[in-house]
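Pull up the structure and let's walk through it piece by piece. We'll start with a sheet and its helices, then move on to a few other spots worth a look.

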Amino acid sequence: MTDRKPIFVTQPALPRLEAFTPYLQEIWDSRILTNGGAMHQRLETALCEYLGVEYISLFCNGTQALITALQVANLSGEVITTPYSFVATAHSLLWNNLTPVFVDIDPGTLNIDPARIEAAITDKTTAILPVHCYGHPCAVQEIRKIARRHNLQVIYDAAHAFGVRDTTGSLLNHGELAVLSFHATKVFSTVEGGAIICHDETTKRRIDQLKNFGLSPDGNTVEFTGANGKLSEIHAAFGLLQLKSLDEALNNRRLIDQRYRTGLSGIPGIRCIEGAGETVANYAYFPILVGPEYPLNRDKLFAHLAAHNVHGRRYFQPLISSLPMYCGHHSSSAENLPVAHRVVEQVICLPIYPNLEHESVDFIIDLIAQAAV
Ligand code: T4K
């Protein structure tokens, strides 16, 4: 065991406490604590500008945003998705009485493999729910073409993809809808929070009603079966404050990502996941795959790191398709998902966050390198 301070997979970048006081004072003065107050409006405007998207609706968390996005899309039957994600992706389908159909992932990007999507489409399929896993873009153009050919909607779980851009601009503009998470462990956070990005005012109005019980805009009647997905003023203020230091935080992440890549290159059996065509990355996660050429298996390396107080995470083990509520689905068999099954046994997400010291990164690299000799 070591007496080093624990290093977690992530740590939120917190502004100075005093910097939060003026925001709280403004909220106190207004006495508006939630239901779309001034902070909420300001954050929506600021995020549209920062991200390069036209319409955004803030939510109390990413899961509720996903559930609502699927409700807005008005789907039925089957939805094609990836087994290699956080469980909220598939749970949002069950909450909408939709059946997930799992398609294997691409071994390079770890995103849904577009070449396997068409074989999974049936006459019950109404949509595709891909995930930009670890913030690396899905094959958006291919997915769009498949969706057009089969008249399917595409809703992206973009929980990891805050700020990511491709050659067309914000990655979040792909798909009919894209959903973000602003959880404390994310690149940009409102403590708990999330958002839906859409492309027209009518859809935005509908989303805003659905996150507010389905109340009509004048509040006099109820038009839809909505839930409560609202983000409070205090959470919105936290987001506004975070936005101020985000570019610096992203740059720190970039330097850590580079340091890992340089330090880990040449260690037999350790593979770093490359970008997937993004022109601006967010360095949200640093996944490595521990292959058979490495002397320890993934779990032994994971334990070796933990014994030195380095706490990575095995995102996304267990595979969603292996969980009790999904393993009975016809698409959940291991034969249908060989790549996802292999990858999930090999992955470790190493610590990455803006304040992670370079000395700690070097320490982690050394632990991995030493175990290899
Ligand atoms: N879709 C995808 C693809 C997602 O990844 C997620 C969430 C969602 C949808 C749903 O979005 P939300 O409804 O959550 O907005 C975390 C998060 O809870 C979850 O948001 C995230 N994905 C998932 C990948 O990871 P855990 O179980 O890893 O969190 P926890 O508490 O173990 O935290 C990890 C480490 O972070 C800790 O060891 C210490 C550090 N930490 C954590 C928290 C919460 C802090 O330093 N401060 C903190 O406040 O789930």
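Keep in mind that this is a predicted model. Start with an open sheet of three strands, which runs in the order β11-β12-β14 with antiparallel pairing. Its edge strands are β11 (270–272) and β14 (347–350), each pairing on one side only. From one strand to the next, the twist averages 30°.

Helices pack on this sheet. Helix α9 (residues 246–264) touches β11, β12 and β14, and its direction makes about 20° with that of β12. Helix α10 (residues 298–307) also packs on the sheet, touching β11, β12 and β14, with its direction at about 25° to that of β14. If you want to see how the strands themselves line up, look at β11 and β12 (residues 286–290): three bridges join them in the antiparallel sense. Find R271 and you'll see L289 of β12 standing opposite.

Now stay with α10 and look for helix α12 (residues 358–371). The axes of these two helices come within 10 Å and cross at roughly 135°. Angles over 145 degrees would count as roughly antiparallel and 65 to 115 as roughly perpendicular, so α10 and α12 are oblique to each other. The crossing of α10 past α12 is right-handed. Which residues make the contact? On the α10 side they are L301, H304 and L305, and on the α12 side I364, L367, I368 and A371.

Some of those names come back when you click on V310, which sits in strand β13 (residues 310–311). Is V310 buried or exposed? Its relative accessible area is 1%, and the cut-off for buried is under 20%, so V310 counts as buried. Leaving aside neighbours within four places in sequence, V310 is in contact with I7, L305, P351, F363, I364 and L367. For a long-range link, check R4: V310 and R4 are 306 residues apart in sequence, yet their C-alpha atoms are 9.0 Å apart in space.

Next, swing over to strand β10 (residues 194–198), where five of the five residues are buried. In a regular strand, side chains alternate between the two faces of the sheet. Here G194, I196 and C198 point one way from β10, while A195 and I197 point the other way, and all are buried. What does β10 pair with? Strand β2 (residues 55–59) runs antiparallel to β10 and is joined to it by five bridges, with S57 having I196 as its bridge partner. Strand β9 (residues 177–181) pairs with β10 too, in the antiparallel sense over four bridges. In that pairing, A178 stands opposite I197.

Finish with helix α1 (residues 17–30). How does its length hold up? At 1.5 Å a residue, its 14 residues should span 20 Å, and the end C-alpha atoms are 21 Å apart, so the two values agree. The buried residues of α1 are F20, Y23 and I27, and they pack against α2 (38–51) and α8 (233–244). Just after α1 comes R31, whose phi is positive, near 60°.

Note on methods. Residues numbered from 1 in each chain as written. Predicted model: local features only at pLDDT ≥ 70, side-chain atom pairs only at ≥ 80, totals over all residues. Heavy atoms only, no water. Pairing = 2+ DSSP bridges. Axes fitted to C-alpha atoms, helices over the stretch in contact; angles between N-to-C directions. Contact = heavy atoms within 4.5 Å. Buried < 20%, exposed > 50% of the residue type's maximum accessible area, 1.4 Å probe, protein only. Expected span 1.5 Å × (residues − 1). Parallel < 35°, antiparallel > 145°, perpendicular 65-115°, else oblique. Left-handed = near helix turned anticlockwise from the far one by under 90°.
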